[in-house]
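Let us take a walk through this structure together, one region at a time. Please have the viewer open as you read.

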Amino acid sequence: MKKIINEPADVVVEALRGLGLAHADLLRVGFDPEVVVRVDAPRPGKVAVVSGGGSGHEPLHGGFVGRGMLDAACPGAVFTSPTPDQIQAAVSQVDGGAGVLLLVKNYTGDILNFETAAELLAAEGVDVRTVVIDDDVAVQDSLYTAGRRGVGGTVLVEKIVGAAAEEGAGLDVCERLARVVVANTRSMGMALTAPTVPHVGDPSFTLGADEMEVGIGIHGEPGRRREPLADATGIVAGLLDPILSDLPFTVEDRILLFTNSMGGTPLLELYLAHGIAEEALARKGIRVERKLVGPYVTSLEMQGMSLTLLRLDDELVRLWDAPVHTPALRWGA
Amino acid sequence: MPCDAKSVAAAVLSAADTITAHRDELVRLDQAVGDGDHGENLNRGFGFVRAALEKSIPDTPGAVLKLVATTLIAKVGGAAGPLYGTAFLRAATALGDASELTADLLVAALRAALSGVVARGKAEPGDKTMVDALTPAADATGTTIADILTAAAAAAQAGADSTVPLVARKGRASYLGERSAGHLDPGARSTALLLNAFAKAANT
């Protein structure tokens, strides 16, 4: 393993220290327990939007703390959900009295820890709601799995709900909106290489030079199947087809197309893939009205990509376009 | 020999040592079907448990287990933190404020631990989870604490071994579908390791 780290056990804390120093104008970082909090929190009368999850997916979630997006993020150990005391600490620092919305990616650990925190917060009298994000079409949503994973769609939910909360929308509206975005978002990812978790020291799985892993999540867990390596056109088609047929997306749908790098795929390849995806969608009569391209929901240094499609309406477009100022997303502010 | 808070704390400390010794094995098992954090997270959590017990040992066996529970819930994260935390919390509740652990209390604690894990994680036997190890362990009987724990540990390991051919239906391994078959479930294995450490402590 070659990484720019000191002790593997200190990776998250040292990275958070750096995040806090780099973006002291936007956020403050707390330790023991670890939380990332918007610098001007709590904002009285504003719904607090809080998310969190394992580290290793940067800029998710800490990089999305700031105006128009998250009020707080709870970073767990690498690929490990945060603990209830982190979530409680984050909420206590951002609760402006208008309620708290927890945005949780659908993983067993995240659900258990956020559920425990939500129970404790409710017992303290905090009006807390939880919306679970589960946009990954690679997983069959059935009684026989833990359900679909929360992946790329998370950043879209956080942006849109964050914009609504910034405008002063109430907790009911924010919660409903989060559910609408989740219901209209679908993602699928693939990998060319595996990530190496710092405290493990070697790659999470091994792939031959001529193989790719399709239907991967964002934790280095193997995907649904291993396939012979395809070219970019083949890879994009392999991601788009199951997404399109799942919702399903149809002719005349207005969509946001999010082309995401898993961390190790450079922008050169990502824009190449994005172009193929956008043109393929145009040929199907689907209107790509908003785009996002970059490494936003990553899996350490894994090479690979995911595509996320969100079906838009006027309201969602307006909230997507609303000003945002965070370390990782910034426009209009 | 009476089994007081000090004996229970000693058993927990030896379980912590066992987790440290098997950290890498649990990481490997979890890498095969999950994200490879199980050994690291449990080792980290039991490291905090060790530090807490070395500072001071609570007055009763139940209080010792409650300290284990709250530490794991606060420090581990992931699925293992809340699940093992709940198991120890329910076991602690079953022991109440008894000053000594008895065979009857132990049986009750094992059953309480199982029902807590099932309630939190919603897994059933056959889902390829720690429930596959804990369910047969909770059926263990015997006249002494050592007998019960020895039987529970053996049953847990047999239960863990039975997860190898299973297709996971809960937790991160379930994302793999059929590809999860052929691997030992890391949570079932760690359950067997913990019970085996408790049994060893009870037999010395």
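What follows is a tour of the domains, the contact between the chains, some backbone details and one helix. Please keep in mind that this is a predicted model.

Let us begin inside chain A. This chain is divided into two parts: domain 1 covers residues 13-184, and domain 2 covers residues 185-311. If you take the centres of domain 1 and domain 2 of chain A over their C-alpha atoms, they are 23 Å apart. Where the two domains touch, domain 1 of chain A supplies 21 residues and domain 2 of chain A supplies 30 residues. On the domain 1 side, the elements that give two or more residues are α4 (153-167) and α5 (171-183) of chain A. Of these, α4(A) gives the most, with four residues. Sorted by class, this side of domain 1 of chain A holds eleven nonpolar, six polar and four charged residues.

Now turn to the place where the two chains meet. The contact draws 30 residues from chain A and 28 residues from chain B. Looking at the side of chain A that touches chain B, you will find that β4 (72-78), α2 (84-94) and α3 (108-123) of chain A are the elements that give two or more residues. Which of these gives the most? It is α3(A), with five residues. The residues on this side of chain A divide into twelve nonpolar, 14 polar and four charged.

Next come some details of the backbone. As background, most peptide bonds are trans, and most residues other than glycine have a negative phi. Against that background, chain A has a cis peptide bond from A:Glu58 to A:Pro59, with omega near 10°. You can find A:Pro59 in the loop between β3 (48-55) and β4 of chain A. Another cis peptide bond runs from A:Leu247 to A:Pro248, and its omega is near -5°. A:Pro248 sits in the loop that lies between α6 (232-246) and β10 (254-261) of chain A.

The loop between α6 and β10 of chain A also holds A:Glu252. Although A:Glu252 is not a glycine, it has a positive phi of about 80°. Is A:Glu252 buried or exposed? It counts as exposed, because it has 8 C-beta neighbours inside 10 Å, and the cut-off for exposed is 12 or fewer. In chain B, B:Lys122 is not a glycine either, yet it has a positive phi of about 60°. B:Lys122 lies in the loop between α6 (103-121) and α7 (131-138) of chain B. With 15 other C-beta atoms within 10 Å, B:Lys122 is partly exposed.

Let us finish with helix α8 of chain B, which spans residues 145-161. How far apart should the ends of this helix be? At 1.5 Å a residue, its 17 residues should span 24 Å, and the end C-alpha atoms are indeed 24 Å apart, so the two values agree. Twelve of the 17 residues of α8(B) are buried, so the helix is largely enclosed by the rest of the structure. Among them are B:Ile145, B:Ile148, B:Leu149, B:Thr150, B:Gln157 and B:Gly159, along with several alanines, including B:Ala152 and B:Ala156. What do the buried residues of α8(B) pack against? Their partners are α6, α7 and α9 (186-202) of chain B.

Definitions and conventions
Residues numbered from 1 in each chain as written. Chains lettered and ligands numbered in written order. Predicted model: local features only at pLDDT ≥ 70, side-chain atom pairs only at ≥ 80, totals over all residues. Contact = placed C-beta atoms within 7 Å. Nonpolar A, V, L, I, M, F, W, Y, C, P; charged D, E, K, R; others polar. Domains from an automatic or database assignment. Buried ≥ 20, exposed ≤ 12 C-beta atoms within 10 Å, placed from the backbone. Expected span 1.5 Å × (residues − 1).
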